[in-house]
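Visitor: I am new to this structure and should like to learn how to read its features one at a time. May we begin?

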Amino acid sequence: MRNDTSPSYRTNEMKDASVLEGAAPDELEHPVDNAPVRSFSHKGMTIEGYSRAAVQTYWRVPELKLGFDLGLQPWSFMSTPNWFVSHAHLDHIAALPVYVARRRMMKMEPPTIYLPIDAVDPVHALMRAYQRLDRGKQVANLVGLEPGMEVELSRELVVSVLETKHTIPALGFLVWERRKKLLPEYLELSGPEIRDLKLSGVEITREIRLPRLCYLGDTNPAGLDANPDAFEAEVLILEMTFVARNERPDRIHKFGHMHLDDFVSRADRFRNDWIIASHFSTRLHPDLIQKIVSKALPDGLKERVKIWL
């Protein structure tokens with residue numbers, strides 16, 4: 001690790017500042033992994049994937065048999081059959097034809113791709129174009145979604161479709177675990193009595209939902225604030241594209257992104273067990289991003305934020 005006061009560190013900070021003023025980043029000094037897969041487990045969920053702004057975004061939870069976004073498709077992700085695409089920017093959707101083709105090549109069932117309803121026809125056209133180019137069928141079930149809809153994946157899992165705020169139509173997704181809870185008036189009954197009531201057609205339970213995982217894709221703070229359940233999810237995957245102090249929040253928000261300061265100003269609202277901060281800009285070196293974020297986050301939030309670089 002460099003000492004913060006060393007000439008080489010100050011030189012790199014000056015270069016980082018020049019990039020923020022419009023200079024092109026030097027890719028040799030700001031390395032970006034091309035296809036990494038980070039992994040983190042929490043309460044029976046393994047969150048795998050990676051996200052870097054303008055490069056690629058892809059996540060999956062194998063236990064839930066679902067993934068989010070297909071900016072890239074690691075080979076190990078191919079077995080996941082259900083994908084929720086937040087929006088149609090290339091770094092979030094470019095690998096969709098590759099994933100579909102690989103599933104067919106491996107004689108797997110066609111996947112189901114959930115995506116913003118405005119993107120369905122253009123994605124169909126994209127798949128037809130690749131079918132002509134590749135001479136291989138592109139077979140997938142494309143399902144258009146709008147905010148407020150729900151997708152039932154199983155008796156236990158349902159996904160709520162959230163409205164987010166980006167530069168093109170975009171969605172977020174909240175995965176709920178559904179459970180049945182016995183109604184209070186039946187708590188004192190014996191097992192046989194409960195069974196008999198159930199067989200007679202009496203509704204003896206109510207559904208409760210546990211917010212397990214929320215993914216908001218690319219959004220400005222309005223897309224977070226409009227979805228209060230996101231603050232309650234056990235795990236929240238949220239973008240933190242910009243972190244530098246001299247980056248203007250109004251401009252960042254205009255282009256549908258979030259700044260580190262947006263996290264700090266909402267520190268007391270996050271009830272999540274864990275927050276995976278991701279989608280960092282490539283303008284800054286990962287070491288510098290780590291340093292800035294770790295220094296800025298307040299105690300109580302810092303311990304629950306994973307800086308995914």
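Visitor: Which are the buried residues of helix α3 (residues 96-105)?

Guide: A word on the source first: this is a predicted model. The buried residues of α3 are L96, P97, Y99, V100 and R103. Viewed down the helix axis, these residues fall within an arc of 165°, so they line one face of α3.

Visitor: Against which elements do the buried residues of α3 pack?

Guide: They pack against three strands, namely β4 (66-70), β5 (82-84) and β6 (112-116), and against the helices α2 (90-93) and α4 (120-134).

Visitor: How should I read V98, which is found in α3: is it buried, partly exposed or exposed?

Guide: One compares the relative accessible area with two cut-offs: under 20% is buried, and over 50% is exposed. V98 has 38% relative accessibility, and therefore counts as partly exposed. The C-alpha atom of V98 is separated by 9.9 Å from that of M78, although the two residues are 20 apart along the chain.

Visitor: What follows α3?

Guide: The helix is followed by K107, whose phi is positive, near 60°.

Visitor: Where else should I look for a positive phi in a residue other than glycine?

Guide: Two further residues may be set side by side. D69, in strand β4, has a positive phi of about 65° although it is not a glycine. R135 also has a positive phi, near 60°, and its place is in the loop between α4 and β7. Their surroundings can be read from accessibility: D69 counts as buried because its relative accessibility is 0%, whereas R135, with a relative accessible area of 77%, is exposed.

Visitor: Let us turn to the strands. How many residues of β6 are buried?

Guide: In β6, 5 of the 5 residues are buried, so this strand is largely enclosed by the rest of the structure.

Visitor: In which sense, parallel or antiparallel, do β5 and β6 pair?

Guide: To read a pairing, one looks at the direction of the strands and at the bridges between them. β5 and β6 pair in the parallel sense, over 3 bridges. As one example, N82 has T112 in β6 as its bridge partner.

Visitor: How many bridges join β6 to strand β7 (residues 141-145)?

Guide: There are 5 bridges between β6 and β7, and these strands run parallel. Here Y114 has V143 in β7 as its bridge partner. From β6 the chain crosses through α4 to β7, and this β-α-β crossover is right-handed.

Visitor: In which sense do strand β1 (residues 38-42) and strand β2 (residues 45-52) pair?

Guide: They pair in the antiparallel sense over 5 bridges. S39 stands opposite E48 in β2. The two strands form a hairpin with 2 residues between them. In the turn, K43 has a positive phi of about 50°.

Visitor: How does one look for empty space, and how many cavities of 30 Å³ or more does a search of the whole structure find?

Guide: Rolling a probe the size of a water molecule over the atoms shows where empty space is left. In this structure, the search finds 2 cavities of 30 Å³ or more. The largest cavity has a volume of about 50 Å³. It is lined by 13 residues, of which Y215, G217, E239, S278 and H279 are the closest to its centre.

Visitor: Which elements give two or more residues to the lining of the largest cavity?

Guide: They are β3 (56-61) and β12 (235-239). β12 gives the most, with 3 residues.

Visitor: May I try the helix reading once more? Which are the buried residues of helix α9 (residues 286-296)?

Guide: They are P286, L288, I289 and V293. These residues cover an arc of only 160° around the axis, which puts them on the same side of α9.

Visitor: Finally, what does the secondary structure of the chain come to, and what share of its residues counts as buried?

Guide: The chain has 9 helices and 14 strands. Of its 309 residues, 48% count as buried. One may also ask how far apart in sequence the contacting residues lie: among contacts between residues at least 6 apart in sequence, 58% join residues at least 24 apart.

Key:
Residues numbered from 1 in each chain as written. Predicted model: local features only at pLDDT ≥ 70, side-chain atom pairs only at ≥ 80, totals over all residues. Heavy atoms only, no water. Buried < 20%, exposed > 50% of the residue type's maximum accessible area, 1.4 Å probe, protein only. Helix = DSSP H or I, 4+ residues; strand = E, 2+ residues; numbered from the N terminus. Arc of directions from axis to C-beta. Contact = heavy atoms within 4.5 Å. Pairing = 2+ DSSP bridges. Right-handed = clockwise from strand over helix to strand, strands pointing away. 1 Å grid on protein atoms, 1.4 Å probe; cavity = no way out; pocket = protein on both sides within 12 Å on 5 of 7 lines; lining within 4 Å. Points joined across faces, edges and corners; volume = space filled by probe spheres on them.
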